[in-house]
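Work through these exercises with the structure open beside you. Try each task before reading its solution.

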Amino acid sequence: IQEVLHVAGVEMQLTAAVSFLTVLQEESVSIHTYSHSLLHIILQNLEHRDAGVSNAWLETLLAVIEALPKETIRHEILNPLVSKAQLSQTLQSRLVSCKMIGKLANKFEAHIIKREILPLVKSLCQDVEYEVRTCMCQQLEHIARGIGTELTKTVVLPELVELARDESSSVRLAAFETLVNLLDMLDADDRSQTVLPLVKSFCEKSFKADESILVSLSFHLGKLCNGLYGIFTPEQHLRFLEFYKKLSTLGLQQENGHNDNQLQLQTLEQEKKYISVRKNCAYNFPAMIVFVDPKNFHLELYSIFFCLCHDPEVPVRYTMAISFYEVAKLLTSGVYTIHKELVTLLQDESLEVLDALVGHLPEILELMTNGGENSASESKLLSIPDLIPALTTAEQRAATSLKWRTHEKLLQKYACLPHIISSDQIYYRFLHRMLTIILTNNVLPVQKAAARTLCVYLRYNRKQEQRHEVIQKLIEQLGQGKSYWNRLRFLDTCEFIMELFSKSFFCKYFFLPVLELTHDPVANVRMKLCYLLPKVKSTLKIPTDKHLLQQLELCIRKLLCQEKDKDVLTIVKRTVLELDRMEISVDAFQKRFYENDLLDQEKERQELLLLQMEQLEKEKQQNEGRSTNINDKMFEKKRRDCKTSSVLAKSISLAVPGSSSGTSAGKEDRKSKLVRSQSFSTQALHPKYSNIDKCPNKSSAAGYTSSVSGIGKSCMLSFSDDSFRTHSTGNSGNAVFPSSSSRNLFNSADQKNNGNKEGQSRKMSM
């Protein structure tokens, strides 16, 4: 290898560097042998004239340093490093020295670093070449971590401050980034007296003289604001927030019609820079919510959030879609305020944005619908009608694109919808769409994702009629479909059914349709069924499913006797052996299957609970309908009673003017009617006693006849009281009927009413 590498080309050099690294990672030789035989070859090739080759060997050396013992590092690497870092050495040699120093800082104690490495660090920080100063500046963070807080404050921080004022923009940029990364190691005094003035000057210069720092500044702004949060005055806090807002809309003013002169001078490079700045602002948005406090989000940051979600550039919207879940988590009770932006991103024209958003879609939707006790319930309810069309539009757009992986991912995430929206909404807007995808889509992973999501929807559907309809469609359109491809998908769906539902559910609806496929004309379908048979058998319970076990054994015998395809027959024989070894679970719990039985019992309990809930809802609806009908009838009766009593009062006043006894009787009669009508309005009757509804008509007729006939007030009152008791006790189930005297009075009054109609009409006219 040594002989060849002297004259080898670039490709062989790169391959050798990777090979040496592989030998180390796979521990092909001991570390002692490695350092004795291979380390010096790596060190020789570090200063190769080709920069790519030199970097490849440097990467290998940095990985080797992690595994080497301290003594070897000190003798083989640290001692030669002193000479290689001198100003007299080549630029490439000094750059390699900078990177090696950063790696060595974590391998030795602080006093060794102070004595042997820090002098080299100071020398390289003052190097005449800006590339060396930049490289050394980037390594100062590792050195600071290695030497601790005290030496960092006295040695590293002064160097950083000096480098932050360097004439080269790349050096200033590296110094700024290192300062931001070291904020956690600096105390409050250093932050307020040293770091804060530097950051302020960077922010001021970034727009005026040094736009090169804008991208880096926008990337680190969130970390910077939260790192300096404790030392900000209210004025400084506001200033940094305004600076962030300015960066978030950088380059958009021209599109809104401002600065037309600058628009003409703006170069393509500047546009790319501004897009990067806005993208970094989107990346830092969650950090800025923490900075302003989530309670102030709507007032301080919502407008920026809106702008970033509607940004004309895809990378900005893509970054917002990635960070949307973090934003929703931070807002907690105020999460309902951003549901419009969620809808906007779901309907985004770019599928990359949709793909980024879908990653955490279940968590986002759960926060949207359930998050925040203090959030207005109306707002949460209003968000659902917007979400459902957006979700359906997103799925359709993914389906029509060529990016099937995005479509598959979307369908998998849509399995969360039963926890978000109602069963009916899923049934009418999503469930049939999943079935259509299974039947018509040409991509197998997409079909499987749709099949599993459909099974989840079926699992949480709350109406038995709808469940039966879907099961029937699955059996008819997939299990008995004309295309063998559909029948294969039916077997996939049955696997998901077995995973999500109880054993009894599968046995009840799908066991026999699956076994019917043993007679399928296509060998691939029979082959797939054979692979599935062990799982099918595991759903049986003895003795409950004994007849199904017999059916299974019969189908296997037929396959063994009648199968002509060699491949299928081989799998059948293998499956038979596996089935023979299987133990069938019994109805009672067994130790072997305890966990599975417990899980199955829980699934069965939940399925039973769904049926009970459906039954309760039906009963509730029936009761509501019945009570509505009763209320309507009562209203009609009260209206008739009121009309009768008003006519009666007029007739009495006309027939006996000036008679005090007649007036008092009329008053008492109206009072009894009022009591009776109140009893009906306040108490609902049990359906068992619906025949009692006829009583008010009879009582009013009797009251009317008695009054006209001049029957005594006391008799009328006793009848009214008895009838009142009848209705008031109707609910308790023990009806108390009027006394015999009252009944006689009622009958006699009826007879008088029937017999003397003409006389009554004459009295009425008088």
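The exercises below concern a predicted model.

**Exercise 1. The overall picture**

Task: State how many helices and strands the protein has, and what share of its residues is buried.

Solution:
- Start with the secondary structure. The protein has 40 helices and two strands.
- Turn to burial. The protein has 766 residues, and 45% of them count as buried.
- Now look at contacts between residues at least 6 apart in sequence. Of these, 71% join residues at least 24 apart.

**Exercise 2. Two helices, α7 and α8**

Task: Describe how the axes of α7 and α8 are arranged, and list the residues that make the contact.

Solution:
- Two packed helices are described by the angle between their axes and the distance between the axes.
- Locate the helices. α7 covers residues 91-104 and α8 covers residues 110-125.
- Take the distance and angle. The axes come within 11 Å and cross at roughly 140°.
- Classify the angle. Angles over 145 degrees count as roughly antiparallel. The pair α7 and α8 is therefore oblique.
- Add the handedness. The crossing of α7 past α8 is left-handed.
- Name the residues. α7 contributes Arg-94, Cys-98, Ile-101 and Leu-104, while α8 contributes Ile-117, Leu-120, Val-121 and Leu-124.
- Sort them by class. The contact of α7 with α8 holds seven nonpolar residues, one charged and no polar.

**Exercise 3. Another pair, α16 and α20**

Task: Find the distance and angle between the axes of α16 and α20, then classify the arrangement.

Solution:
- Take the distance and angle. The axes of α16 and α20 come within 8 Å and cross at roughly 10°.
- Apply the cut-off. Angles under 35 degrees count as roughly parallel, so α16 is roughly parallel to α20.
- List the residues. From α16 come Ile-275, Arg-278, Lys-279, Ala-282 and Tyr-283. They meet Pro-315, Val-316, Thr-319, Met-320 and Ser-323 of α20.
- Sort them by class. Six residues in the contact of α16 with α20 are nonpolar, two are polar and two are charged.

**Exercise 4. Salt bridges**

Task: Give the total of salt bridges, then place the partners of Glu-141, Arg-278 and Asp-492 in the chain.

Solution:
- Begin with the total. There are 27 salt bridges.
- Take Glu-141. Its salt-bridge partner is Arg-145, with the closest N and O atoms 3.6 Å apart. Both residues sit in helix α9 (residues 130-147), four residues apart, about one turn of the helix. Arg-145 has 38% relative accessibility, so this residue counts as partly exposed.
- Take Arg-278. This side chain meets Asp-311 in a salt bridge at 2.7 Å, N to O. The pair links distant parts of the chain, 33 residues apart. Arg-278 is in helix α16 (residues 268-283), and Asp-311 is in the loop between α19 (302-309) and α20 (314-331). Arg-278 and Asp-311 are both buried.
- Take Asp-492. Its partner is Lys-528, with the closest N and O atoms 3.0 Å apart. This pair also links distant parts of the chain, with Asp-492 in α29 (residues 484-500) and Lys-528 in α32 (residues 523-537). They are 36 residues apart.
- Check the exposure of that pair. Asp-492 has 3% relative accessibility, so it is buried. Lys-528 has a relative accessible area of 23% and is partly exposed.
- Finish with a network. Salt bridges link Arg-74, Arg-115 and Glu-116.

**Exercise 5. Backbone details**

Task: Say where Glu-27 and Asp-293 lie, and whether each is buried, partly exposed or exposed.

Solution:
- Place Glu-27. This residue is in the loop between α2 (10-25) and α3 (31-37). Its phi is near 55°, a positive value in a residue other than glycine. With a relative accessible area of 66%, Glu-27 is exposed.
- Place Asp-293. This residue is in the loop between α17 (285-292) and α18 (297-300). Its phi is near 80°, also positive in a residue other than glycine. With a relative accessible area of 35%, Asp-293 is partly exposed.

Task: Identify the peptide bond that leads to Pro-543 as cis or trans.

Solution:
- Read omega. From Ile-542 to Pro-543 omega is near 5°, and the bond is cis.
- Place the proline. Pro-543 lies in the loop between β1 (541-542) and α33 (546-562).

Terms used:
Residues are numbered from 1 along each chain as its sequence is written. This is a predicted model: local features need pLDDT of at least 70, side-chain atom pairs count only at pLDDT 80 or more; totals for chains, interfaces and linings use all residues. Side-chain values use heavy atoms; hydrogens and water are left out. Axes are lines fitted to C-alpha atoms, for helices over the stretch in contact, and angles run from 0 to 180 degrees between N-to-C directions. Angles under 35 degrees count as roughly parallel, over 145 as roughly antiparallel, 65 to 115 as roughly perpendicular and the rest as oblique. A crossing is left-handed if the near helix is turned anticlockwise from the far one by less than a right angle, and right-handed if clockwise. Contact means heavy atoms within 4.5 Å. Ala, Val, Leu, Ile, Met, Phe, Trp, Tyr, Cys and Pro count as nonpolar, Asp, Glu, Lys and Arg as charged, and the others, Gly among them, as polar. A salt bridge is a side-chain nitrogen of Lys or Arg within 4 Å of a carboxyl oxygen of Asp or Glu. Buried means under 20% relative accessible area, exposed over 50%, partly exposed in between (1.4 Å probe, protein chains only).
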